[in-house]
Amino acid sequence: MNDRIISELRWQEYKRAMLRFYVDSLADCMALPTRFFVIRGAVGRDRKHYLRFPAGPHIDHDIDPGRTHAAATQLKLAGDLDPLVHALMDDDMVARDRVLAEYGEYLHQPARPG
């Protein structure tokens with residue numbers, strides 16, 4: 001939401017209440033040994049957002065080419081968010097794939113080198 005990083009007019013009402021931005025880049029936060037899973041749509045404004053995510057051998061991207069920004073909300077409304085989070089916490093990629101297949105047509109981009 002920091003305009004120095006990416007301009008987003010949608011967030012103006014929230015940004016007014018923020019006195020300081022503490023994190024300029026997720027690259028500083030998304031470090032080993034933690035494994036990260038980015039689940040996102042690929043339509044519209046989401047593209048400029050997800051292209052800013054860092055790459056690395058510990059960062060997986062699951063992409064629904066037909067979805068927009070509200071992937072987490074849509075997963076929750078479908079009853080699939082909790083099972084997905086549990087599968088990821090258990091490192092159960094078979095369960096992750098099953099949940100995502102029930103939810104939509106996801107493309108899995110495995111962790112990639114930085």
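Arg35 is partly exposed, with a relative accessible area of 39% (partly exposed lies between buried, under 20%, and exposed, over 50%, with a 1.4 Å probe and protein chains only). The model is predicted: local features need pLDDT of at least 70, side-chain atom pairs count only at pLDDT 80 or more, and totals for chains, interfaces and linings use all residues. Residues are numbered from 1 along each chain as its sequence is written, and side-chain values use heavy atoms, with hydrogens and water left out.

The whole structure holds four salt bridges, each a side-chain nitrogen of Lys or Arg within 4 Å of a carboxyl oxygen of Asp or Glu. Three of them are among those tabulated here.

| Pair | N to O distance |
|---|---|
| Asp60 and Arg35 | 2.5 Å |
| Asp91 and Arg35 | 3.1 Å |
| Arg96 and Asp62 | 3.9 Å |Arg96 lies in helix 5 and Asp62 in strand 2, so this pair ties together parts 34 residues apart in sequence; helices (H or I, at least four residues) and strands (E, at least two) are DSSP runs, numbered from the N terminus. Both Arg96 and Asp62 are buried. Shared partners join Arg35, Asp60 and Asp91 into one salt-bridge network.

Within that network, Asp60 forms its salt bridge with Arg35. Asp60 lies in strand 2 (residues 59-64) and Arg35 in the loop between helix 1 and strand 1, so the two tie together parts 25 residues apart in sequence. Asp60 is buried, at a relative accessible area of 1%.

Elsewhere, Tyr22 is found in the loop between helix 1 (12-15) and strand 1 (36-41). Tyr22 is exposed, with a relative accessible area of 67%.

How values were computed: Helices (H or I, at least four residues) and strands (E, at least two) are DSSP runs, numbered from the N terminus.
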